[in-house]
Amino acid sequence: MAGKISNTPATYMPSPTSQNKKMSSIFTGSDWVRPDGRGPHQCRPSFLRTGAVNYASGSAYAEFGNTKVIVSVFGPRESKKAMMYSDMGRLNCNVSYTSFATPIRGQASESKDLSSMLHKALEGAIILESFPKTTVDVFALVLESGGSELPVIISCASLALADAGIMLYDMVASVSMSCLGKNLVIDPVSEEESYQDGGLMITCMPSRNEVTQMTVTGEWSTPKIHEAMQLCLDACSKLGKIMRSCLKEAVTLPQE
Amino acid sequence: MKENEEEKSGQLVTPGEVLGKPAELKAGKGAYVSPHNNTVYASLTGFRTLTYPPPDSPDPRPTVDVTGHKAHGAVPEIGAIVIARVTKVMARMASADIMCVGPKSVREKFTGIIRQQDVRATEIDKVDMHSSFHPGDIVRALVLSLGDARAYHLSTAKDELGVVSAESAAGATMVPISWTEMQCPLTGQIEQRKVAKIGA
Amino acid sequence: MVGLSLGEKNFIKGGIAQDIRTDGRKRLTYRPIFVETGVIPQASGSARVKMGATDVIASVKAELGKPNASHPDKGKVSIYVDCSPTAEPTFEGRGGEELSMELSTALQRCLLGGKSGAGAGINLSSLSIVEGKVCWDIYIDGLVVSSDGNLLDALGAAIKAALSNTAVPKVQVAANASLDEQPEVDVSDEEFLQFDTTGVPVIITLTKVGKHYIVDATAEEESQMSSAVSISVNRQGRICGLTKRGGAGLDPSIILDMISVAKHVSEQLINKLDSEIAAAEACEEE
């Protein structure tokens, strides 16, 4: 950590080239330290609250380290006129970034991709039969992007859905993992994510022990996937407990 | 055994928490049975309540409900009685915005239509829409079906269904005088409506 | 997909449970694969892959471009899939957009490896010409001509075939260029370099119907799926990417089981594809 600071050039211009090389050697070496001093299998401190937006049917705010996300849920409400008739309810997801979420203004990309990932991760956990013909809208806004946004968005969205009183099969908890050289690090920050050799994200329903969504990028051997999945699932079940206690707190504490 | 159950009743649960086995419990509101591992789970956040059936019922299992916290806004469903405000009257149908489903007001707007053949139970081919509803009338109606992509199909073809409140041309709330007429208390003018029989 | 009757659904599900599918295949048997290379003369490389009624074309175009500031020593690869309305009328206008995006993202995830480039099927460093100045931009375009299920595997195979068909022109860099200027490059029209495709993985989609999972599902079988997992595996038997489709949850142990099945199936598929590609290349040269 100290080495990194002294390496930073004193000028205001960042020089990504020279910095990059040093960073990646720090990450892949055996005696490396994570940028925020965490252990490799330690998640960032998290803060979860429901009821962040008054107007919405349900909402939640989540903070994992520097990643800050707010999710509102609207509905169930009438589906758009252009939609076909459906016996089941529909889920509509949208993820957006504030223009100040990323270090370079308005750099946030792939939000369309994130929206469809969010949809896929949540759809399996919602009892869609409970609101036929209508749509539930889930809007996620990334206030600050500090790495592992998608897992945070997914967990936060499931909390918001529960807060809105939408019938769920189970809560949805999500955790990602980066592979840097030989090391597996859980809940990576943006710096680690940008140098990762491989990434793995698991979204699961902790109480039913079912995976609703999973993605893997980069090259993995089977034992490594086993290890990473186990670590992620453990973290998911712990996160699930935190989410449940957050929901219970909201009920027991009188609302102001 | 019974005391233990009592203790569990009133417990705060969140979606996905195990409530019990279907052999011992019936899933009520806010709960569901998962077929793959045969377990009753909660689907809402709220307090767990057990309702025991009367001792002579054929199914001795108590019903478990999860209630007490927020549930999502009311959604019209088939067979529900709704209160709606008429927005537009056409020759063959009237459209209305649903305001209440059963005793609950809706949070979001839902559109319904009352077709000519669903206005009353008799002489359904002779219905004149304009002498049944006017825009602004409050009607009580039954949800016939989820309808098409646009609107729910509503019906007022029962004595207790129809206009429950309407304003006259003069702006006063009219008084029902028969099942087809309402009278303005200010001018005494009589207007045509499909009137609901309240208190029947 | 036209709705199936209850009887047809039960027939499909029952067949899968008994390891005899409607077209007589076993659960882990592919349909016959037909590969044709060099189908698009304007592209640097192209291939057409047919699996039953599924028919896809992949084209590879190489253009000179400027590398990204964050990876100055690497070239760029972009993958895009187009779902043509000729395949299915619902793809018309914006109808195919969602599927196109899903397929493109899944292919990128399966073929391009991690952010650092490790595990990528295409060696991005080999695409660099002058560090930080000039590199090859590879545009891979997939086109769905006819769709009868298992599009992702077919597209993955088509891209693998198209890449092995790709010839990138040799580039001469003018030696006198100063450091700050954009160096002058001379693209040869006669000398070409063959693309190294040994590391390109194959994609295997396991579709879960009922309690069992099948490879190479037809559209009818896909309509009965609860979820599907696409796993890309390279020649060394390592996993290069994984995506899941379908909302239903899966037990983690089933996913691990699927991974080992995919590894097993991938060996056969890679060998099969290699021989098909070699045959297609030989056929084209004649």
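Which helix of chain A has the lowest confidence, and which has the highest? In this predicted model, helix 1 of chain A (residues 2-7) sits at the bottom with a mean pLDDT of 38, while helix 4 of chain A (residues 149-163) reaches the top of the range for that chain at 93. The weak stretch extends past helix 1: pLDDT stays under 50 over residues 1-27 of chain A, and the model has 16 contacts beyond four places in sequence for those residues. Taken over the whole of chain A, the mean pLDDT is 81, with 83% of residues at 70 or more.

Chain A is built from six helices and nine strands. Of its 256 residues, 52% count as buried. Its contacts often span long stretches of sequence: among those between residues at least 6 apart, 69% join residues at least 24 apart. One backbone detail lies just ahead of helix 4, in the loop that follows strand 5 (134-144) of chain A, where S148(A) is found. S148(A) is not a glycine, yet its phi is positive, at about 50°. S148(A) counts as buried because it has 27 C-beta neighbours inside 10 Å, against a threshold of 20 or more.

A comparable backbone feature appears in chain C. D19(C), in the loop between helix 1 (6-17) and strand 1 (33-37) of chain C, takes a positive phi near 65° without being a glycine. The surroundings of D19(C) hold 13 other C-beta atoms within 10 Å, so D19(C) is classed as partly exposed.

Chains A and C meet in a contact that takes 35 residues from chain A and 30 residues from chain C. On the side of chain A, at least two residues each come from helix 2 (16-28), helix 3 (111-123), helix 5 (190-194), strand 8 (198-205), strand 9 (210-220) and helix 6 (222-252). The largest share, 11 residues, belongs to strand 9 of chain A. By class, this side of chain A divides into 10 nonpolar, 16 polar and nine charged residues. Strand 9 of chain A also takes part in strand pairing across the two chains, joining strand 12 of chain C (residues 239-245) in the antiparallel sense over three bridges. Within that pairing, T217(A) stands opposite G241(C).

Turning to chain B, the mean pLDDT is 86, and 94% of the residues reach 70 or more. Confidence in chain B is lowest in helix 1 (residues 2-8), with a mean of 48, and highest in strand 8 (residues 81-89), at 94. The domain assignment splits chain B into domain 1 (2-67) and domain 2 (81-192), and the C-alpha centres of these two domains lie 40 Å apart.

An open sheet in chain B contains four strands in the order 1-6-7-3, with mixed pairing. Strand 1 (12-13) and strand 3 (26-27) of chain B form its edges, each pairing on one side only. Strand 3 pairs with strand 7 (residues 63-67) of chain B in the parallel sense over two bridges, and A27(B) has V64(B) as its bridge partner in strand 7. Strand 4 (residues 31-34) and strand 5 (residues 39-42) of chain B run antiparallel and are joined by four bridges, with Y41(B) in strand 5 as the partner of Y32(B). Four residues lie between the strands of this hairpin, in which N38(B) has a positive phi near 55°.

Two unreviewed UniProt annotations fall on chain B. The record places "domain: Exosome complex component N-terminal" at residues 12-49, a stretch that is 0% helix and 50% strand, with its end C-alpha atoms 10 Å apart. The record also gives "domain: Exosome complex component CSL4 C-terminal" for residues 105-146, where the chain is 0% helix and 45% strand and the end C-alpha atoms are 18 Å apart.

Chain B touches chain A as well, through a contact that takes 27 residues from chain B and 31 residues from chain A. Strand 4 and strand 10 (104-115) of chain B are the elements that give two or more residues to the side of chain B, and strand 10 provides the largest share, five residues. The side of chain B that touches chain A comprises 11 nonpolar, nine polar and seven charged residues.

Key. Residues are numbered from 1 along each chain as its sequence is written. Chains are lettered from A and ligands numbered from 1 in the order in which they are written. This is a predicted model: local features need pLDDT of at least 70, side-chain atom pairs count only at pLDDT 80 or more; totals for chains, interfaces and linings use all residues. Two strands pair if DSSP finds at least two bridges between them. Two residues are in contact if their C-beta atoms, placed from the backbone, lie within 7 Å. Ala, Val, Leu, Ile, Met, Phe, Trp, Tyr, Cys and Pro count as nonpolar, Asp, Glu, Lys and Arg as charged, and the others, Gly among them, as polar. Domain bounds come from an automatic or database domain assignment. UniProt positions are given in the numbering used here, feature names are shortened, and annotations may be inferred rather than shown by experiment. A residue is buried if 20 or more other C-beta atoms lie within 10 Å of its own, exposed if 12 or fewer, and partly exposed in between; C-beta atoms are placed from the backbone. pLDDT is the predictor's confidence in each residue, from 0 to 100.
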